[in-house]
Amino acid sequence: MEIIIQPTAEAATSVAARIIARLLREQPNAVLGLATGSTPVLLYRELIALKLDWRKVTTFNLDEYVGLPPEHPQSYHSFMWENLFRHINISKQNIHIPDGNTKDIPKFCAKYENQIQAAGGVDLQVLGIGTDGHIGFNEPTSSLASRTRIKTLTPQTRKDNARFFGSEDAVPHHVITMGIGTIMEARQNLLLAFGQGKAKAIAEAVEGPITAINPASILQMHPVTKLCLDEGAASRLKRADYYRWVFDNKPGWQRW
Ligand code: F6R
C-alpha cells in the first residue's frame, strides 16, 4: 500500500487526478472502475478540467441502489452523468453502471462480471471508504472473495447516506455492488478518503489486521494500491511520518 498524505482534500485529489490522467494518456483505451458519493466529486471536477480524451475509455461503476429509478437524483446513474459523463467525450456504450432495477439480480450480476472480463479487466479502480470500512458497498463481514451481488446496507451506512436523501428512511436498504474479489482483480486501486470521520476506518484498514470486519483492510493484499488522504483521514495513522517521508523522497522515476 502506498499512503499519500496531503494537507487538504484538494491536494490529495490532485495527486489522484494526476495518476488517472497519466494512465489515460499512456493507455487511451484504459478500463476505469469508478466510485460515487461525496469523496470523488472533486476528482471528477479536476478530471473534467484536464480535458482528457475519453473516447476509447471504458468505465464500470462499483455500485447502485436497488429499486431507485435511474433518473432519481440520488441514483448513481444520475450522479455519474451529473458529475462526470455529461462533461466528457466518453462513448455512451462504454459506460457500465449496475442496473438497480433489473428483474433478475443474480443474472445481471453474473453478466456484469463477464462484461468486466470481456473488457480486459479494470486497469484502475477508484475507491472511497465508508466510516465502517466498506469499499464499494461491501459492508463489514462481506466475504473477502465476493463477486458482484446484492448487499444489504448497514444501519451505519444508511445513516451516513441520509444526508443525500433528506432522511434515513428514504435511503434504500439494498444495493448491487462489485464484490471484494472483483475489486481485488483491478490492476491498480486508488482509494481516496477525506476528513476525521474516515480516520478510524483508514487506520484499521492500513495498520490493522486483514479482516472482513474492515473490508478495506484486504487492500493490504493488493500489489498496487495507493491511498490519497487528507490530514483528517490520516490523523489516526501511527506511522504517518514514515509514509510522508516515503512520498517526499520517491525516486524521480517513480513519480508521475
Ligand atoms: C460509492 C462507494 C462507497 C463510498 C463510501 C464513501 O460508489 O463505493 O464505498 O465510496 O460510502 O462515501 P462518501 O464518499 O460519500 O463518504
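Leaving aside neighbours within four places in sequence, which residues is P172 in contact with? In this predicted model, the partners of P172 are Y65, V66, L68, L153, R158 and F165. P172 sits in the loop between α5 and β8 (174-177). Its relative accessible area is 12%. P172 therefore counts as buried, since the cut-off is under 20%. One of its contacts, Y65, is far from P172 along the chain, with their positions 107 residues apart in sequence. In space, the C-alpha atoms of P172 and Y65 are 6.5 Å apart.

The largest pocket has a volume of about 410 Å³. Its lining comprises 22 residues. Nearest its centre lie T36, G37, I129, H134 and K198. By class, ten lining residues are polar, eight are nonpolar and four are charged. Helix α5 (residues 155-165) contributes four residues to this lining, the most of any element.

The ligand is surrounded by 15 residues. The closest are T39, D63, H134, G136 and K198. H134 and K198 are also among the residues nearest the centre of the largest pocket. Three side chains place polar atoms beside ligand oxygen atoms. For H134, a polar side-chain atom lies 2.6 Å from an oxygen atom of the ligand. For D63, an N or O atom of the side chain is 2.7 Å from a ligand oxygen. For R163, the separation between a polar side-chain atom and an oxygen atom of the ligand is 2.9 Å.

Helix α3 spans residues 76-83. Its buried residues are Y76, S78, F79, M80 and N83. These buried residues pack against several elements. Among the partners are two helices, α2 (41-49) and α5. The strands β2 (31-34), β3 (58-61) and β4 (63-65) are partners as well. Helix α5 thus appears in two settings: it packs against the buried residues of α3, and it gives four residues to the lining of the largest pocket.

D53 is found in the loop between α2 and β3. At 37% relative accessibility, D53 counts as partly exposed, because this value falls between the 20% and 50% cut-offs. Its side chain takes part in two polar contacts listed here. One joins the side chains of D53 and R55, at 2.6 Å. Another joins the side chains of D53 and N89, at 3.0 Å. D53 also comes within 7.3 Å of P28, C-alpha to C-alpha. In sequence, D53 and P28 are 25 residues apart.

H96 belongs to strand β5 (residues 95-96). With a relative accessible area of 16%, H96 is buried. Beyond its neighbours within four places in sequence, H96 is in contact with T58, T59, F60 and N61. Y112 and Q115 are further contacts of H96. T58, T59, F60 and N61 make up the stretch 58-61, given as strand β3.

E113 is found in helix α4 (residues 105-118). Its relative accessibility is 11%. E113 therefore counts as buried, the cut-off being under 20%. Outside the four places on either side in sequence, E113 is in contact with R147, T148 and T182.

How values were computed
Residues are numbered from 1 along each chain as its sequence is written. This is a predicted model: local features need pLDDT of at least 70, side-chain atom pairs count only at pLDDT 80 or more; totals for chains, interfaces and linings use all residues. Side-chain values use heavy atoms; hydrogens and water are left out. On a 1 Å grid over the protein atoms alone, a cavity is a set of points where a 1.4 Å probe fits but cannot get out, and a pocket is an open set with protein on both sides within 12 Å along at least five of seven lines; lining residues have an atom within 4 Å of a point. Grid points are joined across faces, edges and corners, and a volume is the space filled by probe spheres set on the points. Ala, Val, Leu, Ile, Met, Phe, Trp, Tyr, Cys and Pro count as nonpolar, Asp, Glu, Lys and Arg as charged, and the others, Gly among them, as polar. Buried means under 20% relative accessible area, exposed over 50%, partly exposed in between (1.4 Å probe, protein chains only). Contact means heavy atoms within 4.5 Å. A polar contact is a pair of N or O atoms within 3.5 Å; within protein, one must be able to donate a hydrogen and the other to accept it, and residues adjacent in sequence count only if both atoms are side-chain atoms. A residue is near a molecule or strand if one of its heavy atoms lies within 4 Å of it.
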